[in-house]
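Thanks for coming, everyone. I have one structure to walk through today. Let me put it on the screen.

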Amino acid sequence: MRNILVFPDGNKQDFMYPADRKMVLGQKIQIQMNDDSIHVLSISSIEPKDLDGVPEIHYYLEYS
């Protein structure tokens, strides 16, 4: 299963997340970018998808 963060600007990034934990709407997450800046975003929408037989979960983010 692919977990994909969808940033407010539409960029997407795969990420690893433990299967025994859940992410929920409104949850705040801290993300370290390639330039070492830290951003705090919250999950605004969660959409499971199945594209070509590959299950994915898209986590749409917004700035807190």
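Let me start with a question: which side chain meets E56 in a salt bridge? The partner is R2, with N to O at 2.9 Å. One caution before I go on: this is a predicted model.

Stay with that pair for a moment. E56 lies in strand β5, residues 54-63. R2 lies in strand β1. The two are 54 residues apart in sequence, so the pair ties together distant parts of the sequence. Now look at the burial. E56 is buried, at 6% relative accessible area. R2 is partly exposed, at 34%.

R2 has another partner. The side chains of D14 and R2 also meet in a salt bridge, N to O, at 2.8 Å. D14 sits in strand β2, residues 12-15, and R2 in β1, residues 2-6, so this pair ties together parts 12 residues apart in sequence. D14 is partly exposed, with a relative accessible area of 39%. Put the two pairs together, and R2, D14 and E56 are linked in a network of salt bridges.

The general idea is familiar to this group. Side chains of opposite charge can pair when their charged atoms come close.

How many salt bridges does the structure hold? The count is 3. Besides the two at R2, there is one between K49 and E47. Here the closest N and O atoms are 3.7 Å apart. The cut-off is 4 Å, so this pair counts as a salt bridge. K49 is partly exposed, at 29% relative accessible area. E47 is partly exposed too, at 31%.

One more item on charge. The protein chain carries 6 positive and 10 negative charges. Their mean positions are 6 Å apart.

Now step back to the fold. How many helices and strands does the chain have? There are 0 helices and 5 strands. From the N terminus, the order is simply β-β-β-β-β. The radius of gyration is 12 Å, close to the 11 Å that the globule rule gives for 64 residues, so the chain is as compact as a globular protein of that length. Along the principal axes, the C-alpha atoms fill a box of roughly 35 × 20 × 20 Å.

Next, burial and surface. Buried residues make up 27% of the 64 residues. The chain exposes about 4700 Å². Carbon and sulfur atoms supply 50% of that area.

And contacts. Take the contacts with a sequence separation of 6 or more. Residues 24 or more positions apart account for 32% of them.

S42 gives a local view of this. S42 is in strand β4, residues 38-51. Is S42 buried or exposed? S42 is buried, at 7% relative accessible area. Leave out residues up to four places away in sequence, and S42 touches G26, Q27, K28, Y60, L61, E62 and S64. Of these, K28 falls within β3, which spans 28-32. Y60, L61 and E62 fall within β5, residues 54-63.

Now the loops, and a backbone point. Most residues other than glycine have a negative phi. Where do we find positive values here? D36 is one place, with phi near 70 degrees. D36 is in the loop between β3 and β4. At 56% relative accessibility, D36 counts as exposed.

D52 is another, with phi near 55 degrees. D52 is found in the loop between β4 and β5. D52 is exposed, with a relative accessible area of 80%.

One last loop residue: D9. D9 is in the loop between β1 and β2. D9 counts as exposed, at 57% relative accessibility. How far apart are the C-alpha atoms of D9 and L61? The separation is 9.5 Å, while the two residues are 52 apart along the chain.

To recap: 5 strands and 0 helices. A network of salt bridges links R2, D14 and E56. Positive phi values appear at D36 and at D52. And keep in mind that the model is predicted.

Methods
Residues numbered from 1 in each chain as written. Heavy atoms only, no water. Helix = DSSP H or I, 4+ residues; strand = E, 2+ residues; numbered from the N terminus. Rg over C-alpha atoms; globule rule 2.2 N^0.38 Å. Buried < 20%, exposed > 50% of the residue type's maximum accessible area, 1.4 Å probe, protein only. Contact = heavy atoms within 4.5 Å. Areas by Shrake-Rupley, 256 points an atom, 1.4 Å probe, with all protein chains shown as cover. Lys, Arg positive; Asp, Glu negative; His and termini not counted. Charge placed at Lys NZ, Arg CZ, Asp CG, Glu CD.
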